[in-house]
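Hi everyone, thanks for coming. I'd like to spend a couple of minutes on one structure, so let me put it up on the screen.

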Amino acid sequence: MPQENNEREYILNLQRYLRQLSVTEPSLKAPPLDGIYDTATQDALRNYQRLRGLPPTGSVDLETWTRLYEDYLASLNQQARSEGFYLFPDSPLNYAVYPDEEHF
C-alpha cells in the first residue's frame, strides 16, 4: 500500500508539472490531475519530450524528470513575475493626484 501511495504521488507531481507548463506552452495539452498514468498523461509527456529534444518514450527517466522539474520551476518564476500589480507607475508622466476640495 505505501508503494502505491508513493507511485500515485509521483504521477500527481508529473501531471502538475505538465499542467503548469501547458499554461505557458500552448502546444502542450494538460493531462488530468488524478494520479493515474493513463494515455492522456503519457501523450502529454511524449509531447513534452519532443519539444525538449528528448526521446519521446512516454516514460520518465532521470533526464526527462530533471528537465521537466527545471522547466516547471522556471515557469512558476516567470508566472510570478508577470502577475505584478502596480497602482501607480514608478515615474508618473504629465499627471498629478490632488484631493477634491469639494469633499473636504
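I'll go through the aromatic residues, then the core, and then a patch on the surface. Please keep in mind that this is a predicted model.

Let's begin with the rings. There are 4 aromatic pairs in the structure. One of them joins Tyr17 and Trp65: the ring centres are 5.5 Å apart and the planes sit at 55°, so we call this pair tilted. What I like here is that the pair links distant parts of the chain, with Tyr17 in helix 1 (residues 2–24) and Trp65 in helix 3 (residues 62–82), 48 residues apart. As for accessibility, Tyr17 is buried, at 9% relative accessibility, while Trp65 is partly exposed at 26%. Ring pairs also bring in Tyr69 and Tyr72, giving a cluster with Tyr17 and Trp65.

Now, which residues make up the largest nonpolar core? There are 11 in all: Leu14, Tyr17, Leu18, Leu21, Leu28, Ala44, Leu45, Tyr48, Leu54, Leu68 and Tyr72. Helix 1, helix 2 (39–51) and helix 3 each give two or more residues to this core, and helix 1 gives the most, with 4. If you want one residue to click on, try Leu21: leaving aside residues up to four places away in sequence, Leu21 touches Leu28, Tyr48, Leu68, Asp71, Tyr72 and Ser75.

Last stop, the surface. Tyr69, back from our ring cluster, lies in helix 3 and is partly exposed, with a relative accessible area of 36%. Together with Leu73 and Leu76, Tyr69 makes a nonpolar surface patch of about 230 Å².

That's my tour, and I'm happy to rotate the view for anyone!

Terms used: Residues numbered from 1 in each chain as written. Predicted model: local features only at pLDDT ≥ 70, side-chain atom pairs only at ≥ 80, totals over all residues. Heavy atoms only, no water. Phe/Tyr/Trp six-rings, centres within 6.5 Å; stacked < 30°, edge-to-face > 60°. Buried < 20%, exposed > 50% of the residue type's maximum accessible area, 1.4 Å probe, protein only. Patch = residues over 30% accessible without salt bridge, like charges linked within 9 Å, V, L, I, M, F, W, Y side chains within 5 Å. Areas by Shrake-Rupley, 256 points an atom, 1.4 Å probe, with all protein chains shown as cover. Salt bridge = Lys/Arg side-chain N within 4 Å of Asp/Glu carboxyl O. Core = buried A, V, L, I, M, F, W, Y, C linked by side-chain atoms within 4.5 Å. Contact = heavy atoms within 4.5 Å.
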